[in-house]
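Here's a friendly walk through one protein model, for anyone meeting it for the first time. Have a look at the picture, then read on.

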Amino acid sequence: MLGRGACRALLPAVLSVALRKQPSGFARRSSISEVLCRRMSPALPKPSGLYTIMADPWQECMDYAVILARQAGEMIREALKNEMDVMIKSSPADLVTVTDQKVEKMLMSSIKEKYPCHSFIGEESVAAGEKTVFTEQPTWVIDPIDGTTNFVHRFPFVAVSIGFLVNKEMEFGIVYSCVEDKMYTGRKGKGAFCNGQKLQVSQQEDITKSLLVTELGSSRKPETLRIVLSNMEKLCSIPIHGIRSVGTAAVNMCLVATGGADAYYEMGIHCWDMAGAGIIVTEAGGVLMDVTGGPFDLMSRRIIAANSITLAKRIAKEIEIIPLQRDDES
């Protein structure tokens with residue numbers, strides 16, 4: 001058996017051989033990260049030699065995302081100590097700060113440097129005018145501060161959300177509730193965890209004994225508010241045990257994954273609010289559904305995340321739909 005030192009010595013030669021085995025479409029000098037990210041790209045040939053060395057290239061991406069989420073959390077916690085410059089986006093309740101922009105820039109630049117051929121969707125980039133382009137390429141969907149209004153008011157539920165999708169399917173998600181110092185993670189086929197503890201949704205399928213989470217949302221249009229409040233009234237009148245709001249979609253969904261809440265529903269949010277936490281819910285045994293009762297669509301701007309199909313469909317039965325422009329149509 002080769003010792004550790006011998007393995008290190010042989011690694012450059014092994015990688016050199018692997019890279020020489022790539023199809024002619026690959027440049028000889030491609031970095032390892034470039035070769036790896038091409039593996040799942042439908043538009044490019046799939047390498048064979050190097051892939052045998054790393055059977056799960058997305059785990060490396062996830063490990064890196066956790067490191068970056070912690071760094072982002074440190075930036076947010078430090079910013080909470082200082083005065084904030086607050087700006088308004090789509091409504092007086094849709095806020096953004098310089099910290100949102102700084103955190104997203106750090107996350108995007110760090111990931112792009114390491115994985116230059118991956119695609120990206122970021123909340124503040126879209127707010128600045130970029131189009132939401134969602135393809136089958138490996139795609140990072142980032143919300144630098146989910147709960148900006150909480151952040152502005154120093155209400156202690158603020159999260160960094162990072163979702164990673166390949167072929168439009170969630171591979172992993174990271175939600176770091178940085179004031180609480182809770183790191184939620186979910187990896188396709190490998191479960192969901194909070195600070196290393198495995199998560200499991202509740203088993204409560206009786207809606208009359210359920211606790212739900214939702215939000216009023218950032219829209220202040222009278223008709224939208226009427227529908228939001230009417231939906232809450234209808235659900236409460238079933239009756240249910242109650243409705244809670246913590247001010248961040250990602251954390252709301254993670255609360256479903258922990259079993260602390262039985263379901264979450266909302267309309268008017270965006271793909272970056274759901275991409276990180278979605279797989280955390282499903283890996284904890286929960287389900288994602290459209291508010292119509294149909295299949296979940298990340299670009300639709302609406303969701304039911306529940307402990308079971310039974311509860312999700314019961315909620316969908318009560319909900320009046322808010323007309324919304326899709327994220328991929330903006």
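## A buried arginine and its surroundings

With a relative accessibility of 6%, Arg 187 counts as buried, since the cut-off is under 20%. Keep in mind that we're looking at a predicted model. Arg 187 sits in strand β7, which covers residues 182-187. Leaving aside residues up to four places away in sequence, what does Arg 187 touch? The list is Asp 56, Trp 58, Gln 59, Met 62, Glu 171, Phe 172, Ile 279 and Glu 283.

Now zoom out to the sheet. It's an open one with seven strands, in the order β3-β4-β5-β6-β7-β8-β9, and the pairing is mixed. At the edges you'll find β3 (119-122) and β9 (197-198), each pairing on one side only. Strand β6 (residues 169-177) pairs with β7 in the antiparallel sense, over six bridges. One spot to look for: Gly 173 has Gly 186 in β7 as its bridge partner.

Helices lie across this sheet, too. Helix α4 (residues 98-114) crosses β3, β4 (139-146) and β5 (159-166), running at about 155° to β4. Helix α9 lies across β3, β4, β5, β6, β7 and β8 (191-194), at about 100° to β6.

α9 (residues 271-283) also packs with helix α8 (residues 249-258): the angle is about 5° and the axes are 8 Å apart. The two helices are therefore roughly parallel to each other. On the α8 side, the contact is made by Ala 249, Ala 250, Met 253, Cys 254 and Ala 257, while α9 brings Asp 273, Met 274, Ala 277, Gly 278, Ile 280 and Val 281. Sorted by class, that's nine nonpolar residues, one polar and one charged.

On to the rings. The count comes to seven aromatic pairs; here are two of them.

| Pair | Centre to centre | Between the planes | Type |
|---|---|---|---|
| Tyr 115 and Trp 140 | 6.0 Å | 25° | stacked |
| Trp 140 and Phe 172 | 5.8 Å | 75° | edge-to-face |

Tyr 115 is in the loop between α4 and β3 and Trp 140 is in strand β4, so their pair ties together parts 25 residues apart in sequence. The pair of Trp 140 in strand β4 and Phe 172 in strand β6 links distant parts of the chain as well, 32 residues apart.

Are these rings buried or exposed? Tyr 115 and Trp 140 are both buried, with Trp 140 at 0% relative accessibility. Phe 172 is buried too, its relative accessible area being 0%. Ring pairs join Trp 58, Tyr 64, Tyr 115, Trp 140, Phe 164 and Phe 172 into a cluster. That brings us back to the start: Trp 58 and Phe 172 are among the residues that Arg 187 touches.

Definitions and conventions: Residues numbered from 1 in each chain as written. Predicted model: local features only at pLDDT ≥ 70, side-chain atom pairs only at ≥ 80, totals over all residues. Heavy atoms only, no water. Helix = DSSP H or I, 4+ residues; strand = E, 2+ residues; numbered from the N terminus. Buried < 20%, exposed > 50% of the residue type's maximum accessible area, 1.4 Å probe, protein only. Contact = heavy atoms within 4.5 Å. Axes fitted to C-alpha atoms, helices over the stretch in contact; angles between N-to-C directions. Parallel < 35°, antiparallel > 145°, perpendicular 65-115°, else oblique. Nonpolar A, V, L, I, M, F, W, Y, C, P; charged D, E, K, R; others polar. Pairing = 2+ DSSP bridges. Phe/Tyr/Trp six-rings, centres within 6.5 Å; stacked < 30°, edge-to-face > 60°.
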